[in-house]
Amino acid sequence: MAGWLAERHPAAPFFAHGAVNLLAAVVVWRMQEPPAPAAPAGRPEGPWAHTLAALAFLRRHPGVLGMIAFAWVYEAAASMVSQFGQVYLPALGLSMLGAGVVFSASRLLGAAGGWVAARLQGGGADRWLRWGPLGQAALILLAGLARTAGGGVALAVNEGVDGLVYPLLSARINQAVPSAQRATILSFQSLGSSLLIALAFPAAAALPSVFTVYAIVGGALAAAALGWALPRQRAAVPAPEGR
């Protein structure tokens, strides 16, 4: 279906993806986890009460809201870099074989990053989670500025770092969100990144080249990652509740 939509308009598949996520958000919004044996007596019932409880939690914990907002930008940037790779690599002059090698290397490095992420704990995980996105922003900017095969190397290494950072970010958000509202709050995260992606792809179509797209995406991620990396500017993440 995505291919059929793309033949009508290049941005159509991404709007369709955003629309599907809107529908999915409505479904997830109504979900509640099975009550635990020791569930509190005053647990909210019904979708509205459940959603209001999730929003109230986010108001009380701006650190969690900040993590989710950063995840919006991070996921949107990752999607832009990955999807535009299909145009970027030929623009570098790589053959189909060369582009295939870069994509395969990206997948392998991403898998290696996930393997490392599963074994990181404590300070090591904190450092990668804080500074890793800044490194990714630098790699994406390099990919936007380089007009040689070196841009393909930067793209592959970025995917490897993404395989390391994104699981850490997802785990940190999951740990900080209470189980009673976890499905609802995670649907906010998914919806926000999907809306950013649906807006970003049509906007990118107005830019003169895919190199400009990467330069702007890298700059946007750098700005978000800089704010994320400044520890004094972020509220403390609360301990898990309702678990």
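This is a predicted model: local features need pLDDT of at least 70, side-chain atom pairs count only at pLDDT 80 or more; totals for chains, interfaces and linings use all residues.
Eleven residues' worth of detail opens the account of helix packing: in α6, Ala125, Asp126, Trp128, Leu129, Gly132, Pro133, Gln136, Leu139, Ile140, Leu142 and Ala143 meet Gly151, Ala154, Val157, Asn158, Val161, Asp162, Leu164, Val165, Leu168, Leu169 and Arg172 in α7.

Definitions and conventions:
Residues are numbered from 1 along each chain as its sequence is written. Side-chain values use heavy atoms; hydrogens and water are left out. Contact means heavy atoms within 4.5 Å. Helices (H or I, at least four residues) and strands (E, at least two) are DSSP runs, numbered from the N terminus.
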